[in-house]
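Me: I have a model open here and want to go through it with you. Can you take my questions as they come?

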Amino acid sequence: MTPKQLEVFISVVQLGSVTAAAQQLAMSQPSVSKVLSLIEQQMGFNLFERLKGKMQPTPEANELYKEALRVYLDRLRFDRFVDHIRQYRVGQLRVCATPALALNLLPRAVARFRQTFPDYGVVADMCLNNEIEEAVEGGRYDLGFVVKPGGEQGENRFMVSEGEMVCVLSEQHLLAKQTEVCWHDIEPRELVFITTDARLVAMIGDVVPEFRQRQVAAIETNRYSMAINMVRYNNGVTIVDRFSIQGCDMTGLAVRPFKPALKVSVVAVSEGHGVMSQPGEEFVRVMKELMRETAF
């Protein structure tokens, strides 16, 4: 298929209508129908059946759609890559990280990175933790920093930092007098629950099943920074990964190890899972350095 044929075919499958696809693609309805007819001639099988006024893909078309979408997205990524080369001839590194890391550490990392690559362009964005790997794999970013449950086995050059889940609470809270905080120490009504990443929630829930049983009166948020500020103003308690507090203003707050211990890691991910450019390697090195410096 030509790029245009791919676009038309994908659009009709997704929208279920030749008319809607024509509007989306700024084409005439007969032109879209003609493209579909030509694809069917080339493929040797029917693509759609009309069912209740909608274009229903045949089983063959459903199989074709999966590969067509992959090819189409690869082509878009390639076109974006060419645009970047054309626009930033010296080079550009596109980096994303969790909101906490993006706000607290990425700006410092960019400054240090530019000392080594002063003419390199940098895009630094925040993404939800569970979306970063897909965003990098899809070509939107060259490099991402992900928080994962558990530690990493053996040597891993993409390992950035290892840590654990911790409790954050007001310095005035009674539990701040303890050297560590256990689940049974925490009053459920005081706990700020974080729902940002299913993997981390599952890790805590596997060790502390009660974590999944929230009261109606519980406070919830999908951002670690929000949870920390809620603790600051409500004198509550929250459980976060250690990396979320690195580089934060922790005035008036206490940090205590959470027991049982729950290991977490920050890992760098790159497109291709192994091949990384020299600028990418340098950015990972800078992030490792910063995370050592700001560790609690």
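Reply: What follows goes from the whole chain to single elements and residues.

Me: Before that, what kind of model is it, and how are residues numbered?

Reply: This is a predicted model, in which local features need pLDDT of at least 70 and side-chain atom pairs count only at pLDDT 80 or more, while totals for chains, interfaces and linings use all residues. Residues are numbered from 1 along each chain as its sequence is written, and side-chain values use heavy atoms, with hydrogens and water left out.

Me: How many helices and strands?

Reply: The protein has 10 helices and 12 strands. Helices (H or I, at least four residues) and strands (E, at least two) are DSSP runs, numbered from the N terminus.

Me: Compact globule or more spread out?

Reply: More spread out: the radius of gyration is 25 Å, well over the 19 Å from the globule rule for 296 residues. That radius is taken over C-alpha atoms, and the rule is 2.2 Å times the number of residues to the power 0.38. Along the principal axes, the C-alpha atoms fill a box of roughly 75 × 50 × 35 Å.

Me: What share of the residues is buried?

Reply: Buried residues are 44% of the 296. Buried means under 20% relative accessible area, exposed over 50%, and partly exposed in between (1.4 Å probe, protein chains only).

Me: And the surface, how much of that belongs to carbon and sulfur?

Reply: Carbon and sulfur atoms hold 51% of an accessible surface of about 15700 Å². The areas come from the Shrake-Rupley method with a 1.4 Å probe; for residues, only the protein chains shown count as cover.

Me: What about contacts between residues 24 or more positions apart?

Reply: They account for 74% of the contacts with a separation of 6 or more. Contact means heavy atoms within 4.5 Å.

Me: Switching to helices. What does H1 span?

Reply: Helix H1 covers residues 3–15, and its end C-alpha atoms are 18 Å apart, which agrees with the 18 Å expected for 13 residues at 1.5 Å a residue. The expected span is 1.5 Å times one less than the number of residues. Just after H1, Gly 16 takes a positive phi of about 70°.

Me: Which H1 residues are buried?

Reply: Gln 5, Leu 6, Val 8, Phe 9, Ile 10, Ser 11, Val 12 and Val 13.

Me: Where is the other positive phi, at Ala 26?

Reply: Ala 26 sits in the loop between helix H2 (18–25) and helix H3 (29–43). Its phi is about 55°, although Ala 26 is not a glycine. With 73% relative accessibility, Ala 26 counts as exposed.

Me: Now H8, what do its buried residues pack against?

Reply: Helix H8 runs over residues 198–207, with Leu 200, Val 201, Met 203, Ile 204 and Gly 205 buried. Those buried residues pack against strands S5 (143–149), S6 (159–170), S8 (191–194), S10 (237–241) and S12 (263–270), and also helix H9 (224–234).

Me: Which strand holds Phe 258, and is that residue buried or exposed?

Reply: Phe 258 lies in strand S11 and is buried, at 2% relative accessible area. Beyond four places in sequence, its contacts include Met 165, Val 166, Cys 167, Trp 183 and Ile 239. The C-alpha atoms of Phe 258 and Ile 239 are 7.6 Å apart, with their positions 19 residues apart along the chain.

Me: Where is the cis peptide bond?

Reply: From Lys 259 to Pro 260, with omega near 5°. Pro 260 belongs to the loop between strand S11 (253–259) and S12.

Me: Back to strand S4, what does Asp 125 touch?

Reply: Asp 125, in strand S4 (residues 121–126), touches Val 95, Cys 96, Ala 97, Ala 102, Leu 106 and Tyr 141, leaving out residues up to four places away in sequence. Asp 125 is partly exposed, at 29% relative accessibility. Val 95 is 30 residues away along the chain, and the two C-alpha atoms are separated by 6.4 Å.

Me: Last one: where is Asn 222, and what does Asn 222 touch?

Reply: Asn 222 is in the loop between strand S9 (219–221) and H9. Past four places in sequence, Asn 222 touches Thr 195 and Thr 196. The relative accessible area of Asn 222 is 38%, hence partly exposed.
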